[in-house]
Amino acid sequence: MHPKAAIRSVVVIVIFLLSLYGNRLINNIFDISIQHSYLRMLYTYSWWLVPVGLATAAIFGISRVPAVLGLNHNPWKAFGFAAVVVSPMLISSALAGRVPDDLTVIRLIQATLLAGLMEELLFRGFLFGLLFRFCGWGFVPASLAGALVFGLSHLYQGSNLAEASGVFLVTAMGAVWFAWLYIEWDNNLWVPVFLHILMNLSWTLFDMSSNALGSVYPNIFRILTIALSIIITLKSFKDRGMHIKKSNLLINN
């Protein structure tokens, strides 16, 4: 690995960890407690947004930040693709699920719009995207770096070892899937963003399962959504060829 790429890799990983865990560290040290839910949400996600934006601007220049993070593409094309492939989940959840009694506007916004946008920005656009696109990491190590943390961050949803292992596997595989779609759609981060938002919407707006592992019924439609996304992507870019190939699985030159 080139020394410049190695230094960038270290900076990216450090900033990623700072964004993810910095607020918890500061909260524990200074005992920060924000009562207002909107302010608390703004404070939490500012820890994700500000370090990522500043670090990306420092490395690549402020004018290149949208392109480096994959935000310089048409979001409506990505939304159309996401709406089509997630429709089985949304329709099935609407028919078989029910709106939770304790659902609030703030919870809906945080669990769908903000969670989808901010998680994809931090995990895919910043961590995976910079390691794969600009630091020479292959697709496998770059995607697994985020998948490992992403999967571990969802372990709380498991009530026992077997369930926690299943949650970890599902969320980690989802992280790799999002990374693949991001690259194959010409580094368009809006594709995994809208997929994440709409998938979260299907199980937040309609109560179907208590964790990311899910039960048999919702998982059928989740698998259908994944299959549709892969089939449409492969068919859409068959003539162009795939960006992820054997030559860049381990090292991306």
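Trainee: At 0% relative accessibility, does Ser229 count as buried or exposed?

Mentor: This is a predicted model, and the accessibility here is computed from it. Burial is a matter of a cut-off, and buried means under 20% relative accessible area. Ser229 has 0% relative accessibility, so Ser229 counts as buried.

Trainee: Where is Ser229 found, and which residues is Ser229 in contact with, leaving aside its neighbours within four places in sequence?

Mentor: Ser229 is found in helix H9, residues 216–236. With those sequence neighbours set aside, the contacts of Ser229 are Phe81, Val85, Trp177 and Leu181.

Trainee: Take Val85 from that list. What is the place of Val85, and which residues does Val85 touch?

Mentor: Val85 sits in helix H4, which covers residues 75–96. Val85 also counts as buried, because its relative accessibility is 0%. Not counting residues up to four places away in sequence, Val85 touches Leu195, Thr225, Leu228, Ser229 and Ile232. Sequence separation and spatial separation should be read together. Val85 and Leu228 are 143 residues apart in sequence, while their C-alpha atoms are 5.6 Å apart in space.

Trainee: How many residues apart in sequence are Val50 and Asp207, and how many Å apart in space?

Mentor: Val50 and Asp207 are 157 residues apart in sequence and 33 Å apart in space, C-alpha to C-alpha. Val50 belongs to helix H2. At 44% relative accessibility, Val50 counts as partly exposed.

Trainee: Staying with H2, what span should the helix have, and how far apart are its end C-alpha atoms?

Mentor: The check uses a rise of 1.5 Å a residue. H2 runs over residues 37–60, and its 24 residues should span 34 Å. The end C-alpha atoms of H2 are 34 Å apart, which agrees. The end-to-end check does not replace a look at the local axis: H2 bends by about 35° at Ser46. Just after H2, Gly61 takes a positive phi of about 100°.

Trainee: Which residues of H2 are buried, and what covers them?

Mentor: The buried residues of H2 are Met41, Tyr45, Trp47, Trp48, Pro51, Val52, Ala55, Thr56 and Phe60. Their cover includes H1, helix H3 (65–68) and H5.

Trainee: H1 and H5 both appear there. How is the packing of two helices described?

Mentor: Two packed helices are described by the angle between their axes and the distance between the axes. Here, helix H1 (residues 3–30) and helix H5 (residues 105–134) pack at an angle of about 170°, with axes 10 Å apart. H1 is therefore roughly antiparallel to H5.

Trainee: Which residues meet in that contact, and how many of them are nonpolar, polar and charged?

Mentor: From H1 come Arg8, Ser9, Val12, Ile13, Ile15, Phe16, Ser19 and Leu20. H5 brings Leu122, Phe123, Phe126, Leu127, Leu130, Leu131 and Phe134 to the contact. By class, the contact of H1 with H5 has 12 nonpolar, 2 polar and 1 charged residues.

Trainee: Where is the kink in H5 centred, and what follows H5?

Mentor: The kink in H5 is about 45° and is centred on Ala115. H5 is followed by Gly136, whose phi is positive, near 85°.

Trainee: Those two positive phi values belong to glycines. Which residue in the loop between H7 and H8 has a positive phi although it is not a glycine?

Mentor: Asp186 is one, with a positive phi of about 60°. Asp186 is found in the loop between helix H7 (161–184) and helix H8 (190–205). Asn187 lies in the loop between H7 and H8 as well, and has a positive phi of about 60° although it is not a glycine. Asp186 counts as partly exposed at 34% relative accessibility, and Asn187 counts as partly exposed at 22%.

Trainee: How many residues of H8 are buried?

Mentor: In H8, 13 of the 16 residues are buried, so H8 is largely enclosed by the rest of the structure. The span check can be repeated here: at 1.5 Å a residue, H8 should span 22 Å, and its end C-alpha atoms are 21 Å apart, which agrees.

Technical notes: Residues are numbered from 1 along each chain as its sequence is written. This is a predicted model: local features need pLDDT of at least 70, side-chain atom pairs count only at pLDDT 80 or more; totals for chains, interfaces and linings use all residues. Side-chain values use heavy atoms; hydrogens and water are left out. Axes are lines fitted to C-alpha atoms, for helices over the stretch in contact, and angles run from 0 to 180 degrees between N-to-C directions. Helices (H or I, at least four residues) and strands (E, at least two) are DSSP runs, numbered from the N terminus. Angles under 35 degrees count as roughly parallel, over 145 as roughly antiparallel, 65 to 115 as roughly perpendicular and the rest as oblique. Contact means heavy atoms within 4.5 Å. Ala, Val, Leu, Ile, Met, Phe, Trp, Tyr, Cys and Pro count as nonpolar, Asp, Glu, Lys and Arg as charged, and the others, Gly among them, as polar. The expected span of a helix is 1.5 Å times one less than its number of residues. The bend at a residue is the angle between axes fitted to the seven residues ending there and the seven starting there. Buried means under 20% relative accessible area, exposed over 50%, partly exposed in between (1.4 Å probe, protein chains only).
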